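Okay everyone, let's get going. Please pull the structure up on your screens, and I'll talk you through it.

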Amino acid sequence: MRESRLFIILISLVMGLAGCSKETMIGEYVDRCAVRLDIDWGPCGIDPDGMTALFYPVDGGEPSRFLTNTVTGDEVRLRKGIYNVVVFNQAAEEYSYLTIEGQDQYSTLRIVMKTTDSDWYTPTEGERLIYDPEPLAVATLEGFEVTQEMVRANLKEGKEFSLACRPEKVIFTTHLSLEIKGLHNMRTARGSIKGMADTYWIADRKTGSSVATQLVDFSEKTFHENSTTDGILSGSYLTLGRPNVTSKATDEISNLLTLSILLVDNRTVITKQYDIAPRAAINNETKEVEVVLGTKIDLDKDCLLYTSPS
C-alpha cells in the first residue's frame with residue numbers, strides 16, 4: 001500500500017513538471033505576433049542562399065536578430081512595438097572582405113571594408129588597402145509596428161501578417177577600359193585607386209567620410225578585329241560607393257588611378273595615372289559604372305623608349 005502511494009506521488013510530480021514545461025513553451029509566444037517576411041530579391045540581381053533580418057525597437061532595447069536559409073516567406077515572432085527593420089543577404093560572419101559593424105543600434109549599423117594585404121603595393125603610413133567585397137544588398141524599413149491587436153488576432157484567430165521589402169545593391173561594379181596600341185607588348189597590368197569609400201552607413205543609405213586605396217586587376221585583353229597588336233585593356237572592381245560623391249575628404253583626395261603595365265620582357269614597367277571621377281558614367285539602378293580612360297597608350301613607342309641598345 002505504501003509503495004502504491006509513493007508511485008502515485010511520483011506520477012503526480014512528473015505530470016506536474018510536464019505541465020509546467022508545456023506552459024513555459026506556450027508562454028514564450030503568448031505576447032508575440034508571427035510576421036511573414038516577403039522579401040523580393042529579384043530586382044537587385046542577387047540570388048542568396050541565406051539572409052539576416054534585424055529588428056530595432058525605436059524606444060530602445062535589444063534588437064532581435066533572425067538568421068535563415070529561407071530567403072523569402074519565413075516567419076519571425078515579434079512583441080508589440082515599433083521597429084526599424086534591416087534585411088541583408090547572408091549572415092554577417094560569412095563575408096570575407098567586409099564586416100557588418102555597430103549591430104547593437106540602428107543608427108550605428110554600417111558596412112566596413114576589411115583591410116587587405118598586397119604583394120605588389122606598399123601602402124604609406126596610415127593608408128588602408130581594400131579589395132573587391134562580396135555582393136551585398138540591403139533593405140531598410142522604418143517604423144514597422146506590431147500592435148496588441150495584431151498579437152491577439154494572430155494567436156486567437158490565426159490571422160496572418162507580413163512585412164514586404166525589396167533589397168537594393170549597395171555595391172557598385174566599376175568597369176575600366178583603355179585603348180592600347182601595341183597591346184601585344186603587355187604581359188600583365190594592375191592598378192590602385194585612391195580615395196574610395198570604405199564605409200557605408202545603412203540607416204543613412206550613404207557612404208562615410210573615411211577612404212581607402214582600392215586594388216584593381218586588369219585581366220582582360222581584347223584585340224581589335226583584324227589586328228593582332230592593338231586593342232582594349234579592361235579591368236573591373238567592386239566598391240561601396242560611386243567615385244567622388246561621398247564626402248569632402250573624398251573630393252579633396254579625388255579618385256586617382258595609378259595603372260602599372262608590365263611589358264613582355266618581364267622587366268619594364270610603364271606607369272600611367274588617371275582621375276577616374278570625371279570619366280565615370282553611373283547607372284544608379286543597376287549599380288554599374290563605366291569608365292573609359294580617354295588617353296591612348298602606345299606601348300610600341302614605350303617599348304622603344306625603354307629598350308636598351310644591344
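So, which residue in β7 is the bridge partner of isoleucine 100? It's isoleucine 111. That pairing sits where strand β6 (residues 98–101) and strand β7 (residues 110–113) run antiparallel, joined over four bridges. On the ground rules, this is a predicted model, where local features need pLDDT of at least 70, side-chain atom pairs count only at pLDDT 80 or more, and totals for chains, interfaces and linings use all residues. Residues are numbered from 1 along each chain as its sequence is written, and side-chain values use heavy atoms, with hydrogens and water left out.

Two terms before we move on. Helices (H or I, at least four residues) and strands (E, at least two) are DSSP runs, numbered from the N terminus. Two strands pair if DSSP finds at least two bridges between them.

Back to isoleucine 111, please. In β14, its bridge partner is tyrosine 200. Strand β14 covers residues 199–201, and three bridges join it to β7, again antiparallel.

Now, the open sheet. What is the order of its five strands? Reading across, we get β3-β2-β5-β9-β11, with antiparallel pairing. The edges are β3 (64–68) and β11 (168–169), each of which pairs on one side only. And if you're wondering what holds a sheet together, strands pair through backbone hydrogen bonds, either parallel or antiparallel. Take β2, residues 51–57: five bridges link it to β3 in the antiparallel sense. One pairing to find there is alanine 53, whose bridge partner in β3 is phenylalanine 66.

Stepping back for a second: the chain has four helices and 21 strands. Of its 310 residues, 41% are buried; buried means under 20% relative accessible area, exposed means over 50%, and partly exposed is in between (1.4 Å probe, protein chains only).

Next up, charges. Side chains of opposite charge can pair when their charged atoms come close. How many salt bridges does the structure hold? Nine, if we count a side-chain nitrogen of Lys or Arg within 4 Å of a carboxyl oxygen of Asp or Glu.

Here's one of them: arginine 36 and glutamate 160, with N to O at 3.5 Å. Arginine 36 is in strand β1 (residues 32–39) and glutamate 160 is in the loop between α2 (148–157) and β10 (161–165), so the salt bridge ties together parts 124 residues apart in sequence. Arginine 36 counts as partly exposed at 26% relative accessibility, while glutamate 160 is exposed at 60%.

Another one pairs glutamate 93 with arginine 65, the closest N and O atoms being 3.1 Å apart. Glutamate 93 belongs to the loop between β5 (81–89) and β6, arginine 65 to strand β3, and 28 residues separate them. Glutamate 93 is exposed, at 57% relative accessible area, and arginine 65 is partly exposed, at 37%.

Then there's arginine 128 with aspartate 198, where the closest N and O atoms are 2.3 Å apart. Arginine 128 is in the loop between β7 and β8 (129–130) and aspartate 198 is in the loop between β13 (186–197) and β14, so this pair connects parts 70 residues apart in sequence. Is aspartate 198 buried or exposed? It's buried, with a relative accessible area of 3%. Oh, and Arg36, Asp38 and Glu160 form one network through salt bridges that share partners.

Let's zoom in on valine 151, in helix α2. It's buried, at 1% relative accessible area. Leaving out residues up to four places away in sequence, valine 151 touches Val30, Asp31, Arg32, Cys33, Lys80 and Val146, where contact means heavy atoms within 4.5 Å. Its C-alpha atom is 7.7 Å from that of arginine 79, which is 72 residues away along the chain.

Last topic: confidence. pLDDT is the predictor's confidence in each residue, from 0 to 100. The chain's mean is 85, and 83% of its residues reach 70 or more. By element, β5 has the highest mean pLDDT, 98, and helix α3 (residues 248–253) the lowest, 43. Over residues 6–27, pLDDT stays under 50, and the model has zero contacts there beyond four places in sequence. Residues 243–252 are also below 50, with 19 contacts in the model beyond near neighbours in sequence. A word of caution: where pLDDT is low, the predicted coordinates should not be read in detail.
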